[in-house]
Amino acid sequence: FTVNVPTEKEIPTTEIRVVVPDGVEVHGVAPVAGWIHSEKKAETEVGMGDDHKAGELAHGKVTEIVWTGGKIADGEFMQFPISISYAGDPKQLVWKAYQKYADGSVVAWDDTSEKNPAPKVSIVATSKVDQVVADIAAVKKSSGAQTPWLSMGAFLLSVAALALST
């Protein structure tokens, strides 16, 4: 997953904070030249065990990621890659983001105003290419016919074009 951050003011962006949606597990944050990242983790109470005492707090799931130390100039953007997994039902995830500028102002991209929508990502169960391949396999199975080489070539070209378009 990549967080794309454009600067839309005449002053540079100096900090980005992203709130991790429920159901998303962060596995790692890629280093970005000139920037330092930190993670906020949820604290959960643990029970008695070999390494813990009852009532002790343990740090668990990453709930926020903050990037600081760099600058994104007016009219520029940067990408901040993170490795995630999502085990929930396919749906739309809302990523709340907060963009801090050099003058100390913060723009909240969190749906608190129509002007500043929160970034949204649609999660799908299968990719478009997987669906096309499954549909063609179903047609081939129902017809019982062999696919001629010309048709196979056209199919491969269409899959390549579809992959390049997404």
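The chain in view contains two helices and ten strands; helices (H or I, at least four residues) and strands (E, at least two) are DSSP runs, numbered from the N terminus. This is a predicted model, in which local features need pLDDT of at least 70, side-chain atom pairs count only at pLDDT 80 or more, and totals for chains, interfaces and linings use all residues. Residues are numbered from 1 along each chain as its sequence is written, and side-chain values use heavy atoms, with hydrogens and water left out.

**The whole chain**

Begin with the chain coloured from its N terminus, from which the elements run β-β-β-β-β-β-β-β-β-β-α-α. Next, display the surface: the chain exposes about 11,100 Å², of which carbon and sulfur atoms supply 57%. Such accessible areas come from the Shrake-Rupley method with a 1.4 Å probe, and for residues only the protein chains shown count as cover. Of the 166 residues, 23% count as buried; buried means under 20% relative accessible area, exposed over 50%, and partly exposed in between (1.4 Å probe, protein chains only). Among contacts (heavy atoms within 4.5 Å) between residues at least 6 apart in sequence, 67% join residues at least 24 apart.

**The sheet 1-6-3**

Select strand 1, residues 2–6. The covered face of strand 1 carries Val3 and Val5, while Thr2, Asn4 and Pro6 belong to the uncovered face. In a regular strand, side chains alternate between the two faces of the sheet.

Now add strand 6, residues 77–86, which runs antiparallel to strand 1 and is joined to it by five bridges. Two strands pair if DSSP finds at least two bridges between them. To follow the pairing by residue, select Val5 with its bridge partner Met78 in strand 6, then Pro6 with its partner Phe77 in that strand.

Include strand 3 to complete an open sheet of three strands, ordered 1-6-3 with antiparallel pairing. Strand 1 and strand 3 (24–29) stand at the edges with a single partner strand each, so one side of each has no neighbour in the sheet. From one strand to the next, the twist averages 40°; for such angles, axes are lines fitted to C-alpha atoms, for helices over the stretch in contact, and angles run from 0 to 180 degrees between N-to-C directions.

**Two salt bridges**

Side chains of opposite charge can pair when their charged atoms come close. The structure holds two salt bridges, a salt bridge being a side-chain nitrogen of Lys or Arg within 4 Å of a carboxyl oxygen of Asp or Glu.

Select Arg17 and Glu64, whose side chains meet in a salt bridge at 3.2 Å, N to O. Arg17 lies in strand 2 (residues 13–19) and Glu64 in strand 5 (residues 57–72), so this pair ties together parts that are 47 residues apart in sequence. Arg17 is partly exposed, at 25% relative accessible area, whereas Glu64 is buried, at 15%.

Move then to Asp111, in the loop between strand 9 (106–109) and strand 10 (120–122). Asp111 forms a salt bridge with Lys120, with the closest N and O atoms 3.0 Å apart. Asp111 is partly exposed, with a relative accessible area of 41%, and Lys120 also counts as partly exposed, at 39%. Finally, inspect the backbone of Asp111: its phi is near 70°, a positive value in a residue other than glycine.
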